[in-house]
Each structure stands twice: as C-alpha cells, then as structure tokens.
Amino acid sequence: MIFVTVGSRRYPFDRLFRKLDELYEKGVLKEPMFAQIGTTSYRPKHYKYKKFISPERFDQEIEKADIVVCHGASGSIMKALKAGKKVIVVTRLEKYGEHINDHQIQNNEAFSKNGYVLMADLEMNNLGECFQKIYEGTDHLVPWENKDPMAIVNMIDKFIEDNW
C-alpha cells in the first residue's frame, strides 16, 4: 500500500498526481494507493484520493502504508520515518506555483543525503526509479532513530551550512 500526502496548504501539486497516474499507466505502479491531494485540481484516475483528511485518518494511512510519498514538509516526513516506513520525497517548486519559495529543496536534500529518504529529482523524472529501488530492495535507506529531540533541526541546519 502506498500513501501520498501533500498537506493542507492552499498550493496545488498537480504535477505529482499526474506523474503518479503516468507510473500506473506505464506499469511501474501496480499496488493500491491512497492520496491526500489537498487543493490540487487534477483528479487521479488510477488510485483513491480525498482532498483533505483528519489527523486520525492521516495516522491510519501512515500505519497501513508500506511506502509514503510526501512533499518536503518536515512534519509529514518525520511522521512516516518514526512509523518505520519507506519514504519518497517530492519537492514543491515556486516556479510552478506549488509553494511560496523553494525551501523544500533543502529539507528534502538534507533527509536524502543522510540516507533517510529517497528524493525524486526536482522534475520527478526519476520518481519511478525511486519506487523500483524500494521494490527491489536496493534503496539502502537508513532507519530513523530519534535519540535527540533536536536531531532533525540540527541535521537540516548542518546541511544548509555545509551546502549553501
């Protein structure tokens, strides 16, 4: 089971949901998927979806999922990692009207460079490959261990300092 979440902000993410339908049409994705699509205007064809879900339903979908696909929001990523899920992150981009700026790039890169998530490239050209790595067991993801409550903040800060 795959769970996709893009939060509840007013910015659409049509690009992601079109790409997921394309992956079903190409046969890359076959398993059931449920997506929380937010304000996206595109309507998925090959999987179930709702615009918004309650926090309780969100937790239930995370628990049911084997793979979680989410945008670069630390809260969504952390919830999936703490639940022990395989996580693929996709980045909302300002140039497509998906967010107010490109801060999700840094978030996603920090999680990815530390081996916690697979990050789709900014145009999502390799999204299918991210799924394939998980299916084949070649993802080499590191399980999240929360030893320090400030670990995620420190990780992102260090990444930004080292790379920007």
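Two aromatic rings form a pair if their centres lie within 6.5 Å. Keep that cut-off in mind for this predicted model.

**Exercise 1. Classify the ring pair of Phe 3 and Phe 34, and place it in the chain.**

Solution.
- Start with the search result: the whole structure holds 5 aromatic pairs.
- Take the ring centres of Phe 3 and Phe 34. They are 6.2 Å apart, and the planes meet at 10 degrees.
- Planes under 30 degrees apart count as stacked. The pair is therefore stacked.
- Now locate the residues. Phe 3 belongs to strand S1 (residues 2-5) and Phe 34 to strand S2 (residues 33-36), so the pair ties together parts 31 residues apart in sequence.
- Check the surroundings. Both Phe 3 and Phe 34 are buried.
- Look for further partners. Ring pairs join Phe 3, Phe 34 and Phe 58 in a cluster.
- Finish with the charge. Arg 57 places its charged end over the ring of Phe 34, 4.3 Å from the ring centre.

**Exercise 2. Find what covers and what flanks strand S4 (residues 67-70).**

Solution.
- Recall the rule: side chains in a regular strand alternate between the two faces of the sheet.
- Apply the rule to S4. Ile 67 and Val 69 lie on one side, Val 68 and Cys 70 on the other.
- All four are buried, and both faces of S4 are covered.
- Turn to the neighbours. S1 pairs with S4 in the parallel sense, over 4 bridges. Here Ile 2 has Ile 67 as its bridge partner.
- Strand S5 (residues 86-89) also runs parallel to S4, joined by 4 bridges. Opposite Ile 67 stands Lys 86 of S5.
- Trace the connection. From S4 the chain passes through helix H3 (residues 74-82) to S5, a right-handed β-α-β crossover.

**Exercise 3. Compare the settings of two residues with positive phi, Met 124 and His 140.**

Solution.
- Begin with the background: most residues other than glycine have a negative phi.
- Read the angles. Phi is near 65 degrees for Met 124 and about 55 degrees for His 140. Neither Met 124 nor His 140 is a glycine.
- Place each residue. Met 124 is in the loop between strand S6 (118-119) and helix H5 (127-136). His 140 is in the loop between H5 and helix H6 (151-163).
- Test the accessibility. Buried means under 20%, exposed over 50%.
- Met 124 has 1% relative accessibility, so Met 124 is buried. His 140 has a relative accessible area of 67%, so His 140 is exposed.

Methods: Residues numbered from 1 in each chain as written. Predicted model: local features only at pLDDT ≥ 70, side-chain atom pairs only at ≥ 80, totals over all residues. Heavy atoms only, no water. Phe/Tyr/Trp six-rings, centres within 6.5 Å; stacked < 30°, edge-to-face > 60°. Helix = DSSP H or I, 4+ residues; strand = E, 2+ residues; numbered from the N terminus. Buried < 20%, exposed > 50% of the residue type's maximum accessible area, 1.4 Å probe, protein only. Lys NZ or Arg CZ within 6 Å of the ring centre and 35° of its normal. Pairing = 2+ DSSP bridges. Right-handed = clockwise from strand over helix to strand, strands pointing away.
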